[in-house]
Each structure stands twice: as C-alpha cells, then as structure tokens.
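Here are some short exercises to work through with the coordinates open. Try each task before you read its solution.

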Amino acid sequence: FVANVSHEIKTPITAIKGFVETLKDGAAEKPEDAERFLSIIQKHVERLEAIVEDLLSLSRIEKEAERKEILLETHGIREILAGAAQVCDVKASAKDLGLEIACPVTLRARINPRLLEQALVNLLDNAIKYSEPGQTVTLEGSEQKEEVLIRVRDKGCGIERRHLDRLFERFYRVDQARSRKLGGTGLGLAIVKHIMQAHHGRVSVESKLGSGSTFTLHLPKGERQA
Ligand code: ADP
C-alpha cells in the first residue's frame, strides 16, 4: 500500500518539479507559456490535495472503526439520500444530468448519517462522472426481509465484468487516464467499502458495458446490527 501511495504521489510531484524548472529556465518571461505551465502545476497540486484528503478520510474511518467509535442510530433514509443529492446537485446540473430520488419516507435503518452520506456522495460523484449529458442518475431506497438497500443507478458507460471484483481495491481504476482526467483519486470506492463495513453491511455492484452501473449498499436489519 505504501508503495502504491508513493507511486500515486510521485507522478504529480515529478510534473510539478519539471514545470517549475521550465519556468525558472525562462518560460516565466513569456506570459502565454507562464500561464499555461502554471495551470498545469495547479492541476497537479489539486490532484495531490485530493489524494491526501481521501487518504486521511480512509485512515480516519479505519481508526474510528477499530476503536468502535462509529455510532449508529436509527435514522430516516430518504433524508440522507436528499442530503447527498443536494451535495452533488451543482455537478449534476453542470453536466445536464437529472438526479432522481425514489424512497419511501418511512424507510429507516441503523446508520451513521455523516458516513452514509459520504458513501453516497462518492457513488453519486462516480455516477455523474461516468454518465453522458441528458441522462438520469437515480437514488433508490427499499427494504427486504433482512436488509435495507440503497441503490445508485446510472445509465453511463458501464464496467466490463472482469473488473468488477477488483473495483473496491485502493487505487484500482478501469481506465487510469480517464480517471485522472476526471479528477479521480482511485480511493472513492475503497472509502465506500470501509463505510459499509463500519455499518456491518456491504457494497455490491452490477454493471453492463455500455448500459450503465448500479451500486447497492446493503444495511443489515434487526439482530444483525451490532
Ligand atoms: P476514481 O476516483 O477513479 O473514480 P473510485 O474508487 O471511485 O476511483 O472508482 C474506481 C474505478 O471504478 C473508477 O476509476 C472507474 O473506472 C470505475 N467506476 C466507478 N464508478 C463507476 C460508474 N458509475 N460507472 C463506470 N465506472 C465506474
């Protein structure tokens, strides 16, 4: 894992170093070049910032779970879906995507509201990134005998079957270049997996290349909730 982190942060650091040297070697005197190189440096700094933020988030959840500090309370699910949708609304509108919520107001589960919202924001963020303008992303809440289910459904590019098992590993990406271009850190789904473990639940995925993906959060009901 340390080797992976080092590799991930080495790329932006090498780029920043290279462009700073180019600027010092004279490019800074040509306003057009200077502007362009500074924008590239800015992009790489933002990338480093996103990686560090996600790593801190991941280690905080791990530490809190280890110390059994993650408190679960019985809470309405629709409210959490609405909160996550609100956080992602600007990004969805900017891409001309619709966000729909289908969830009974009575649906309740034992959750940590802050962490569940974070998991949903990560899933929605991906659904938005990998959808095409004009499409709709749906957030659904439902209930089965043993579980409360929350689904984030998109009609975007979908994922080839061979990748599905590895998707929740840290830094695993289907398309490295595309993830980077879209500002991904490769840690979003690993964070979702950890959050679901803290809920004594799990996350699953169904996807078809070209037709879209559905990520499902499974929250245990009744006695299985610790
Ligand atoms: P990233 O920051 O790259 O989005 P994630 O851990 O959130 O990292 O996701 C891992 C990879 O899973 C992504 O790089 C992408 O290839 C794939 N992925 C995740 N969500 C979707 C989705 N809704 N549609 C298509 N591919 C997805």
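A residue is called buried under 20% relative accessible area, exposed over 50% and partly exposed in between, with a 1.4 Å probe and protein chains only. The model is a predicted one, in which local features need pLDDT of at least 70, side-chain atom pairs count only at pLDDT 80 or more, and totals for chains, interfaces and linings use all residues. Residues are numbered from 1 along each chain as its sequence is written, and side-chain values use heavy atoms, leaving out hydrogens and water.

**Exercise 1.** Find where Phe171 and Asp96 sit, and decide whether each is buried or exposed.

Solution. Helices (H or I, at least four residues) and strands (E, at least two) are DSSP runs numbered from the N terminus. Start with Phe171, in the loop between strand E5 (147-154) and helix H5 (176-181). Its relative accessible area is 9%, so Phe171 is buried. Next, Asp96 belongs to the loop between helix H3 (77-94) and strand E2 (98-102). At 55% relative accessibility, Asp96 is exposed. Finally, check the backbone: most residues other than glycine have a negative phi. Phe171 has a positive phi of about 70°, and Asp96 has one near 55°.

**Exercise 2.** Test the length of helix H2 (residues 31-66) against its expected span.

Solution. The expected span is 1.5 Å times one less than the number of residues. For the 36 residues of H2 this gives 52 Å, and the end C-alpha atoms are 52 Å apart, so the two agree. Just after H2, Lys68 takes a positive phi of about 55°.

**Exercise 3.** Work out which side-chain partners Arg173 has.

Solution. A polar contact is a pair of N or O atoms within 3.5 Å; within protein, one must be able to donate a hydrogen and the other to accept it, and residues adjacent in sequence count only if both atoms are side-chain atoms. Arg173 lies in the loop between E5 and H5 and is buried at 10% relative accessibility. Its side chain makes polar contacts with the side chains of Glu8 at 3.2 Å and Ser179 at 3.0 Å.

**Exercise 4.** Locate polar atoms that approach the ligand, and say how much of the ligand the protein buries.

Solution. Begin with Asn126, where a polar side-chain atom lies 2.8 Å from a ligand oxygen. Thr185 places a backbone N or O atom 2.8 Å from an oxygen atom of the ligand. Taken alone, the ligand exposes 530 Å², and the protein buries 97% of that; accessible areas come from the Shrake-Rupley method with a 1.4 Å probe.
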